[in-house]
Amino acid sequence: MSSRTIGFEIAADPPPRLDKALARDVPVAAALSRTRLARLIAAGAVQVDGVPETDAKARVAEGAQVEIVLEAAEESHIGPEAIALDVVYEDAELIVVNKPAGMVVHPAPGTPSGTLVNALLHHCGDDLSGVGGVKRPGIVHRIDKETSGLLVVAKTDAAHHGLAAQFEAHSAERLYQAICYSVPEASDPRLRGVKGVSFEPGNIMKITTQLARHRTDRQKQAVLFQGGRHAVTRVRVEERFGTPPVAALVSCWLETGRTHQIRVHMAHAGHGLIGDPTYGGKRKLAVKALPEAALEAVRAFPRQALHAAVLGFDHPVTGAALRFEAKLPEDMEALLAALRG
């Protein structure tokens, strides 16, 4: 198995631990994350002044000469599968796909195959140079199984490192389109009493809470105001449906990217997504507000009406600004057509 060696010198005033010193001083071009460095230390792939060092807590001195041996990427334990992909953009470093509703992003105990990762392993083949020492696509963000839309996936360590930093810093642009019950309006007195909900100029609803796993249902997320992880969603109404309005097409911007964020935030605000089975996406609508065909279309919609429509980020290697759009899938277009009558 071929390998390559990265050599560098520990700079002045190094941190007290080897792993932290390596994370600070390893060349940026190596694109080695702290997790990867810790694994390399444990595997004996790090030498300090010619001596292998396997203790991540070991002290290291200024001027020490470090060599890290990187073996060729191992084959993934996940099997490639010939599943058709809607590829929006691809180069040597990354790939952007428009994921259909119903596809899981990564294999899990309940879904060991048929996932986006299985499809990417087949599609990319030998173009995967390795992420974290394994020939696999680098997943830096996910969308739910029944949510459609845009995902960027890394094909190299350098791309994975750069994309992950952007998503961690919340600098990537992520805009979703959704169809929700009722219409979130600044003029609605009910919303003024919902904790965490406020309005910005332009009738933009801002939802600011903490999110964490539900205490009794581990498949759900719950809104908190102490503990959990900070989450911010902004929502703008694009179109209203019904007389009086009982549903809306909305655009949602993620300032943060938490699990189920839009779905749980919209439900918290009292505007759950049509079709959402987890957060109460089944409601009775006023029978006179919409034509019967529209009411039936709402009742029959089989998934959360949510689509990742826009994705923007800086290319992690070239620095070029990239922005992609994916039109609504056919099922959401059909629902909108029914709502429009």
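What is the volume of the largest pocket? The largest pocket measures about 1,200 Å³ by volume. This is a predicted model. Beyond the pocket, the structure holds one cavity of 30 Å³ or more. Two aromatic pairs are counted, and helices α6 and α3 have most of their residues buried. A cis peptide bond from T243 to P244 and positive phi values at D13 and S182 complete the picture.

**Largest pocket**

- The lining of the largest pocket comprises 41 residues, and R142, D144, R258, T259 and H260 are the closest to its centre.
- Four elements give two or more residues to this lining: α4 (157-168), β11, β13 (204-213) and α6 (261-268).
- Helix α4 gives the most, with four residues.
- By class, the pocket lining divides into 16 nonpolar, 13 polar and twelve charged residues.

**Largest cavity**

- Rolling a probe the size of a water molecule over the atoms shows where empty space is left.
- The volume of the largest cavity is about 40 Å³.
- Its lining is made of H141, I143, L150, R174, Y176, A308, V310 and L311.
- Six of these lining residues are nonpolar, one is polar and one is charged.
- Strands β11 (173-181) and β17 (306-314) each supply at least two lining residues.
- Strand β17 gives the most to the cavity lining, with three residues.

**Aromatic pairs and a charge over a ring**

- A pair of aromatic rings is described by the distance of the centres and the angle of the planes.
- The count of aromatic pairs is two.
- Y89 and F324 form a tilted pair, 5.4 Å centre to centre with 40° between the planes.
- Y89 sits in strand β6 (residues 87-90) and F324 in strand β18 (residues 321-325), so this pair ties together parts 235 residues apart in sequence.
- Y89 has 25% relative accessibility and therefore counts as partly exposed.
- F324 has 10% relative accessibility, so F324 counts as buried.
- F313 and F324 make a tilted pair too, at 6.1 Å centre to centre and 40° between the planes.
- That pair links distant parts of the chain, with F313 in strand β17 and F324 in strand β18, eleven residues apart.
- Both F313 and F324 are buried.
- Ring pairs join Y89, F313 and F324 into a cluster.
- K195 lies over the face of F225, and the distance from the ring centre is 4.5 Å.

**Helix α6**

- Is helix α6 mostly covered or mostly uncovered? Helix α6 is mostly covered, with six of its eight residues buried.
- The buried residues are Q261, I262, R263, V264, H265 and M266.
- Their cover includes β11, β13, β14 (221-224), β15 (229-241), β16 (247-254) and β17.
- Helix α6 also gives two or more residues to the lining of the largest pocket.
- G270 follows α6 and has a positive phi, near 85°.

**Helix α3**

- Why is helix α3 (residues 116-124) described as largely enclosed by the rest of the structure? Seven of its nine residues are buried, so the description applies.
- Buried in α3 are L116, V117, N118, A119, L120, L121 and C124.
- G125 follows α3, and the phi of G125 is positive, near 55°.

**Backbone exceptions**

- Most residues other than glycine have a negative phi, and most peptide bonds are trans.
- The peptide bond from T243 to P244 is cis, with omega near -5°.
- P244 is placed in the loop between β15 and β16.
- D13 is a residue other than glycine with a positive phi, near 50°.
- D13 belongs to the loop between β1 (3-9) and α1 (18-25).
- The relative accessible area of D13 is 68%, so D13 is exposed.
- S182 is not a glycine, yet its phi is positive at about 55°.
- S182 is in the loop between β11 and α5 (189-192).
- S182 has 22% relative accessibility and therefore counts as partly exposed.

Conventions:
Residues numbered from 1 in each chain as written. Predicted model: local features only at pLDDT ≥ 70, side-chain atom pairs only at ≥ 80, totals over all residues. Heavy atoms only, no water. 1 Å grid on protein atoms, 1.4 Å probe; cavity = no way out; pocket = protein on both sides within 12 Å on 5 of 7 lines; lining within 4 Å. Points joined across faces, edges and corners; volume = space filled by probe spheres on them. Nonpolar A, V, L, I, M, F, W, Y, C, P; charged D, E, K, R; others polar. Phe/Tyr/Trp six-rings, centres within 6.5 Å; stacked < 30°, edge-to-face > 60°. Buried < 20%, exposed > 50% of the residue type's maximum accessible area, 1.4 Å probe, protein only. Lys NZ or Arg CZ within 6 Å of the ring centre and 35° of its normal. Contact = heavy atoms within 4.5 Å.
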